[in-house]
Amino acid sequence: MPSLLDMRRRVRAVKSTQQITKAMKMIAASKLRRAQNRILGARPFANEMLRVLNRLAMRVDTSLHPLLQRPESHSDSRTLLFVITADKGLCGGFNTNIVRSATGFVNKNSTNEVALGLIGRKGRDFFAPKGFDVCYENVNLFSSLSFSHAQAITEVAIKKFTTQAVNSVYLVYNEFKSILQQRVVVERLLPIAELEKEALEAEISSDGTASIDYLYEPTPEGIFDDLLPHHVEVQTFRALLESAAAEHAARMTAMDAATKNSGELIEQLTLHMNKVRQAAITREIIEVVSGAEAL
C-alpha cells in the first residue's frame with residue numbers, strides 16, 4: 001500500500017496535470033472561434049462559385065475541359081489520395097479516424113494503385129514508414145494556414161491529373177459539424193463532379209437548354225480555364241479549414257474530458273488518502289491506550 005506521502009505527491013501531480021489540460025482547453029476554444037469564423041466565411045463563397053459554374057455549364061460544352069473529363073477505366077488505373085490530419089495529438093480520435101478511413105480507402109481500392117499526399121505530421125508519421133507511394137508531403141501548415149497552402153496542393157493534383165499520371169484525386173478529412181461532432185469525409189476533388197442543373201430549374205427551358213443566355217468576355221472556354229482551377233483551390237482550402245476547425249473542436253472536447261477525469265481522480269485519491277490518514281491516527285491512539293493499560 002502506498003504511503004501517505006506518496007499519495008500526497010500523486011494528488012499534487014494530478015492537480016498539475018489538471019491545470020495543464022484546463023489551459024489547453026482554453027487555448028483550443030480560443031483557436032476554435034477563429035477557425036469557425038473562417039470556415040463559416042469560406043462555405044458561402046465555395047457554394048456561390050459552384051452556382052456560377054452551374055450557370056456556365058448549362059451554356060457551354062463542358063466535356064472540352066480536361067478537369068471535367070472522365071478518364072476511361074483501366075485495370076491499371078491510379079488514384080491520388082490526400083490525407084489531411086493534424087500536426088499534434090491530444091485531440092481524441094481525430095487522427096485515428098482519419099487514418100482508419102484512409103487505410104480503408106486503400107484496401108477498398110486494392111485493385112488500383114493508390115498514391116498518397118500526406119498533409120499533417122500525424123498522417124505522415126503513420127503512412128510514410130509503411131512503404132506507401134507518397135508523392136506529396138506538407139507538415140506544420142496549420143499553425144499559419146493560408147490560401148497558398150491550398151494552391152500548392154491543387155497544383156500537384158492538377159498536374160498529376162492532367163498528365164494522366166492519376167485517373168482521380170480524392171481528399172479525406174474531418175468535416176466540422178459542431179463542437180461535439182466531426183464527420184470523416186472522403187471527397188472526390190478531380191475530376192470535378194458533374195454540375196447539377198436541377199438547382200437552376202428556373203433558367204432551363206422545356207427542351208433542356210438554358211432559357212437565358214449571356215454575353216461572355218472573354219470566351220466561355222476562357223472563363224472555364226480560369227474558374228475551374230480556382231474552384232479546385234477553393235474546395236481544397238475549404239477542406240483544410242474544415243479540418244483545422246474540427247481539430248480544435250476535438251482537442252477542446254478531449255481536454256475538457258481530461259480535466260473532468262482529473263477532478264474525479266483527485267476526489268478519489270483525497271478520499272483514499274483521508275482514510276489512510278484516519279487509519280494511521282486510529283492505530284496510534286490504540287497503541288497509546290494499549291501502552292497506558294500495560295503500565
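So, Thr 79 stands opposite Ser 168, and that serine is in strand E4. One caveat before I go on: this is a predicted model. Now, what strand is Thr 79's side of this pairing about? E1, residues 78–84, and E4, residues 168–176, pair in the parallel sense, over five bridges. Further along there's another partner pair, Val 83 with Val 172 in E4.

Okay, and helix H2, residues 94–108, packs on the sheet. H2 touches E1, E4 and E5, plus strand E2, which is 113–119. If you like angles, the direction of H2 makes about 155 degrees with that of E4.

Let me zoom out to the whole sheet. It's open, it has five strands, and the order goes E3-E2-E1-E4-E5 with mixed pairing. At the edges you've got E3, 134–138, and E5, 182–190, and each of those pairs on one side only. On average, neighbouring strands here are turned by 20 degrees against each other, if you ignore direction.

Back to E4, on its E5 side. How many bridges join E4 to E5? Eight, and these two strands run antiparallel. One spot to click on is Tyr 170, which stands opposite Arg 188 in E5. The connection between E4 and E5 is a hairpin, through five residues. And is E4 enclosed or not? Largely enclosed by the rest of the structure, because eight of its nine residues are buried. While you're looking at strands, a quick general reminder: in a regular strand the side chains alternate between the two faces of the sheet.

Right, let's leave the sheet and go to helix H1, which covers residues 4–57. Two residues there that I'd like to show you. Start with Ala 29, which lies in H1 and is buried, at 18% relative accessible area. The cut-off for buried is under 20%. In space, Ala 29 sits 7.3 Å from Ala 249, C-alpha to C-alpha, and yet 220 residues separate them in sequence.

The other one is Lys 25, also found in H1. Lys 25 counts as partly exposed, with 29% relative accessibility. What is Lys 25 in contact with, once you leave aside neighbours within four places in sequence? Met 252, Met 255 and Asp 256. The aspartate is the one to look at: the side chains of Lys 25 and Asp 256 make a polar contact, at 2.8 Å. Their C-alphas are 6.1 Å apart, with the two positions 231 residues apart in sequence numbering.

Last stop, aromatics. There are five aromatic pairs in the structure. Take Phe 126 and Phe 127: ring centres 4.9 Å apart, planes at 85 degrees, so that pair is edge-to-face. Phe 127 pairs again, this time with Phe 132, with centres 5.3 Å apart and planes at 80 degrees, so that one is edge-to-face too. Put together, the ring pairs link Phe 126, Phe 127 and Phe 132 into a cluster.

Which of these phenylalanines are buried or partly exposed? Phe 127 is buried, at 1% relative accessibility. Phe 126 is partly exposed at 32%, and Phe 132 is partly exposed at 29%. There's also a lysine to look at here: Lys 130 lies over the face of Phe 126, 4.7 Å from the ring centre.

Notes: Residues are numbered from 1 along each chain as its sequence is written. This is a predicted model: local features need pLDDT of at least 70, side-chain atom pairs count only at pLDDT 80 or more; totals for chains, interfaces and linings use all residues. Side-chain values use heavy atoms; hydrogens and water are left out. Two strands pair if DSSP finds at least two bridges between them. Helices (H or I, at least four residues) and strands (E, at least two) are DSSP runs, numbered from the N terminus. Axes are lines fitted to C-alpha atoms, for helices over the stretch in contact, and angles run from 0 to 180 degrees between N-to-C directions. Contact means heavy atoms within 4.5 Å. Buried means under 20% relative accessible area, exposed over 50%, partly exposed in between (1.4 Å probe, protein chains only). A polar contact is a pair of N or O atoms within 3.5 Å; within protein, one must be able to donate a hydrogen and the other to accept it, and residues adjacent in sequence count only if both atoms are side-chain atoms. Rings of Phe, Tyr and Trp (its six-membered ring) pair if their centres lie within 6.5 Å; planes under 30 degrees apart count as stacked, over 60 as edge-to-face and the rest as tilted. A charge sits over a ring if NZ of Lys or CZ of Arg is within 6 Å of the ring centre and within 35 degrees of the ring normal.
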